[in-house]
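Biologist: Before we discuss this model, I should like each descriptive term to be justified by a value and a criterion. Could you take me through it in that manner?

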Amino acid sequence: MTDLRIPPPAPAPPARQQADPGTWVETVGIDDIILTYSSEHWIQPWRDDSVQRWDIGMHFNEEGPGACFGTIELYVVDHWRSPNIVESLDAFSVDLQEIGAALYDPELGDLRDDLQEDLALPGKTTIVDRVRMDRRFRGQGLGVYLTGLALDYLSHGAGVIALFPSPLGDERRRVPPPGPREEGAKPDQEVLAAARARLGHAWSRLGFKHYRNGTWILDPGMTTLDNALQRERQRLQGHRWNVTFTDSATSGTVVSAGIDKVTMTKSAPHPFPATPAQSS
């Protein structure tokens with residue numbers, strides 16, 4: 001029974017208020033970045049739960065996760081929970097199935113013998129599927145470093161970390177059919193091979209090495225990743241970006257902040273140095 005003599009509780013204070021959408025500029029560095037982690041756990045007893053997807057967001061700190069400038073998509077694989085892990089990965093995408101086929105014996109369902117023998121510790125497999133980042137922050141190794149932090153956070157107990165260095169839209173090994181090209185233009189195969197080589201070199205900064213059929217691997221049981229993260233953090237520590245944020249408001253209530261403009265500060269170190277492409 002409701003007692004009408006007791007006044008109702010005061011409503012919660014509204015989100016940040018302002019009359020008009022605002023714009024402001026902040027100078028930010030890697031210490032102003034927050035990573036957020038999200039995953040789903042389906043509890044139906046008949047559902048294959050051997051492959052767990054993790055979505056990681058790259059945000060700037062606004063007393064919590066603010067404007068998002070990139071995402072990472074990871075999969076953690078527990079082959080003990082699936083009779084055929086390659087088929088379980090195929091249920092997600094052809095891309096993951098191809099990486100799984102490179103890592104796992106198609107008949108036995110276990111990691112390939114040569115890979116198993118080289119790992120420091122047995123355990124789950126972590127696959128980096130896609131990394132997307134605002135192009136204005138690319139070319140400095142920031143995406144690789146933040147992905148390395150996410151891997152370090154999620155891969156404790158993992159047996160191997162794997163990825164396929166590939167530009168988005170490449171669709172892994174599928175090469176567009178030859179067509180009309182401008183005079184002097186390189187064939188599509190050469191362009192893709194060069195792009196993959198550059199990406200492979202970038203991931204090698206974390207300790208990734210080519211293993212089989214375009215798949216690169218990293219052993220988290222070794223100290224390679226820890227040492228690489230310390231080195232990359234030191235390299236990026238002095239980087240600064242001048243970021244122009246703009247609030248997006250609905251009915252006077254600020255609901256989100258977007259990134260309008262990004263520039264490197266003059267005092268910041270030179271962006272990620274260019275290096276010759278290395279073939280895998």
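The exchange below takes up individual residues, the nonpolar cores and one pocket of this predicted model.

Biologist: Why is E73 called buried or exposed, and in which element is it found?

Modeller: E73 is found in strand β4, residues 65-77. Its relative accessibility is 10%, and buried means under 20%; therefore E73 counts as buried.

Biologist: What makes the pairing of the E73 and Y75 side chains a polar contact?

Modeller: The distance between the two side chains is 2.7 Å, and the criterion is a suitable pair of N or O atoms within 3.5 Å. The pair of E73 and Y75 therefore qualifies as a polar contact.

Biologist: Which residues does E73 touch, apart from those up to four places away in sequence?

Modeller: With that exclusion, E73 touches R53, W54, D55, I127, V128, D129, R130 and R132.

Biologist: Why is E87 classed as buried or exposed?

Modeller: E87 lies in helix α1, residues 85-90. Its relative accessibility is 56%, and exposed means over 50%, so E87 counts as exposed. In addition, E87 and Q97 are ten residues apart in sequence, with their C-alpha atoms 7.0 Å apart in space.

Biologist: How do you know whether E232 is buried or exposed?

Modeller: E232 has a relative accessible area of 1%. Since the limit for buried is under 20%, E232 is buried. The residue is placed in helix α6, residues 224-236, and is in contact with Y145 and R205 once neighbours within four places in sequence are left aside.

Biologist: S155 lies in a loop. Why is it called buried or exposed?

Modeller: The loop that holds S155 runs between α4 and β6 (158-163). At 5% relative accessibility, against a limit of under 20%, S155 counts as buried. Not counting residues up to four places away in sequence, S155 touches T126, I161 and P220. S155 and K124 are 31 residues apart in sequence and 8.1 Å apart in space, C-alpha to C-alpha.

Biologist: How far does the backbone oxygen of L151 lie from a polar atom of the S155 side chain?

Modeller: The separation from that side-chain atom of S155 to the backbone oxygen of L151 is 2.4 Å.

Biologist: What makes a set of residues a nonpolar core, and which residues have the most contacts inside the largest one?

Modeller: The members must be buried residues of the nonpolar kinds concerned, joined through side-chain atoms within 4.5 Å. The largest such core has 41 residues, and F69, F137 and L142 have the most contacts inside it. Helix α4 (residues 142-154) gives the most to this core, namely seven residues. A second, separate core has 19 residues, including I85, V86, L115 and V160.

Biologist: Which residues are in contact with F137, leaving aside neighbours within four places in sequence?

Modeller: F137 is then in contact with F60, F69, L142, W241, V243, I259 and V262.

Biologist: What volume has the second largest pocket, and which residues lie closest to its centre?

Modeller: The second largest pocket has about 510 Å³ of space. Its lining consists of 21 residues, of which E40, D49, V51, Q52 and R53 are the closest to the centre. The elements giving two or more residues to the lining are β2 (33-39), β3 (51-61) and β4; β3 gives the most, with four.

Biologist: How is that lining divided by class?

Modeller: The lining of the second largest pocket has nine charged, six polar and six nonpolar residues.

How values were computed: Residues numbered from 1 in each chain as written. Predicted model: local features only at pLDDT ≥ 70, side-chain atom pairs only at ≥ 80, totals over all residues. Heavy atoms only, no water. Buried < 20%, exposed > 50% of the residue type's maximum accessible area, 1.4 Å probe, protein only. Contact = heavy atoms within 4.5 Å. Polar contact = N/O pair within 3.5 Å; in protein donor to acceptor, adjacent residues only side chain to side chain. 1 Å grid on protein atoms, 1.4 Å probe; cavity = no way out; pocket = protein on both sides within 12 Å on 5 of 7 lines; lining within 4 Å. Points joined across faces, edges and corners; volume = space filled by probe spheres on them. Nonpolar A, V, L, I, M, F, W, Y, C, P; charged D, E, K, R; others polar.
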